[in-house]
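User: I would like to go through the labels used for this structure and see what backs each one. Please set values against cut-offs.

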Amino acid sequence: MRDAVYLDKSKRKYKGNLHLHTAWSDGSQEALDVVAAFKDKGYDFISITDHDVFVRTAEYDTDSFIVLPGMERGGLNHVPDKDSGYHFGVLGDPTIESEKEQFHHLQSFEIPIPWEGSQSPQKLIDEMKAHGNLVIFNHPEWHLTRFEDMVQYDGFFAIEIYNHATEWTPSSSYGAAYWDHALQNGKRVFGIAADDSHNHDPSSKIAEYGGGWVSVEAEELSQQGIIDALKKGKFYSSSGPEILDYRVEDGFVNVECSPCQYIMFKAFPQRGPFLVQYETGELMTSGSMMIQKDMQYIRVECVDEKGRVAWSNPIFVGDLAEEEQQ
C-alpha cells in the first residue's frame, strides 16, 4: 500500500466560503459590504452565490482576496409552490472547455424550474456542467432530500455537509449522513461546509456568517488555483477546528489538528476508531488508524470542546492498492 499526502502542514491553506448571498438576490447587503465583512474575518476568497443570478466579476479582487464566479440554482420542486426541492451550488470552472457559453456577470435565470419528473435534477446538473461549472448538492438535510437522490443523480462534485445558516432554520445544518450514503454507494464526492449567509452585519450578537468554511491547499490564490485544488479534494471543511496534516504512511492514516476533544475515523464497511482521552480529559492534536484492505473509504472528523467539527475529505482505499499493483 503506497504512502500518500492529502494535506501537507508545510503548505499554504486558503480560507473561503462557497455559499453566501447579497442584495443581488435575497441578501441584506451590497456585494462590496459582504466582501469587506469576509476580509475582516481573515478569509482569502468567497463565491457570491446569489439565487439564480450568476456573479462573475474581478471588481473586488486583490493580491490577497478573490471572488470566484458562482450562483445558487434552485426553484426545482416536486410540488409547485413548495420549497422541498433541490438547490445546487454552481462554481465557474476555468480549468475545462465548456460545451456551451459560460454564464456572464449578473445573468439571471427563470424560476421556478418546471418539474418534468425524476430526471429533472439530473437535467439541471448536466446543464450547469455544460456551461463550464462545478456543481454542489446544497443543504440536503434542510431540503428533506431523499437519501436515494445521492445515488441516482450524477455529476455533482461535492455535497454541502454543513450549512451554518440552517443551524437556526430549523436546525438542519448537517449533511454528513447524505455524504456517507453517497460514498457507501461508490460515489467519489467531497464534503463542503459553508455559511449560506444572508446577513453580514458585524454587530450581530449571533453571526450568520463566518461559521462554516473550506480551507484549500492550492498552489496559488487564483480562480484556477482554488478550483483545481477543490476538484482534487485538496481541502478540508470546518465549523471551527483546523486540520493541519492528513496523510497515509506505512499503512496508517495519520491526522494532525488543532486541539480537539476527540477524533473520529469514519470508515466503511468497517468502523474506524473513536479517539478521546477519557482518563485525563486532555485535548488531542493527532490521531492515527490502521487501514484494512477491505475498507472502501476513510474520512476523519475532529471535534473541539465546543462541538465544532473539521471534516477531512475521504481517502479511497482502492486507489492506494491500485497504484501499488501498477
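Analyst: Start with rings. Rings of Phe, Tyr and Trp (its six-membered ring) pair if their centres lie within 6.5 Å; planes under 30 degrees apart count as stacked, over 60 as edge-to-face and the rest as tilted. One aromatic cluster is formed by Tyr86, Phe88, Trp115, Phe137, Tyr153 and Phe156. The structure holds 19 aromatic pairs. This is a predicted model: local features need pLDDT of at least 70, side-chain atom pairs count only at pLDDT 80 or more, and totals for chains, interfaces and linings use all residues. Residues are numbered from 1 along each chain as its sequence is written, and side-chain values use heavy atoms, with hydrogens and water left out.

User: What makes Tyr86 and Trp115 a stacked pair?

Analyst: Their centres are 6.0 Å apart and their planes differ by 10°. The limits are within 6.5 Å and under 30 degrees, so the pair is stacked. Tyr86 is in strand β7 (residues 86-92) and Trp115 in the loop between β8 (107-108) and α2 (120-130), 29 residues apart. Helices (H or I, at least four residues) and strands (E, at least two) are DSSP runs, numbered from the N terminus.

User: Why is Tyr86 called buried, and why is Trp115 called partly exposed?

Analyst: Buried means under 20% relative accessible area, exposed over 50%, partly exposed in between (1.4 Å probe, protein chains only). Tyr86 has 2%, so it is buried. Trp115 has 28%, so Trp115 is partly exposed.

User: Why is the pair of Tyr162 and Tyr174 called tilted?

Analyst: The angle between the planes is 55°, at 5.3 Å centre to centre. That angle is neither under 30 nor over 60 degrees, so the pair is tilted. Tyr162 belongs to strand β10, and Tyr174 to the loop between β10 and α4 (176-184). Tyr162 has 3% relative accessibility, so it counts as buried. Tyr174 has 36%, so Tyr174 counts as partly exposed.

User: How do you know that β10 and β11 pair?

Analyst: Two strands pair if DSSP finds at least two bridges between them. Strand β10 (residues 158-163) and β11 have five, in the parallel sense, so they pair. One partnership joins Ile159 to Gly191 in β11.

User: Why is β11 called largely enclosed?

Analyst: Five of the five residues of β11 (residues 190-194) are buried, so the rest of the structure largely encloses this strand. Phe190, Ile192 and Ala194 point one way, Gly191 and Ala193 the other.

User: What makes Lys41 sit over the ring of Tyr209?

Analyst: A charge sits over a ring if NZ of Lys or CZ of Arg is within 6 Å of the ring centre and within 35 degrees of the ring normal. The charged end of Lys41 is 5.1 Å from the centre of the Tyr209 ring. Arg188 lies over the face of Phe316, at 4.2 Å from the ring centre.
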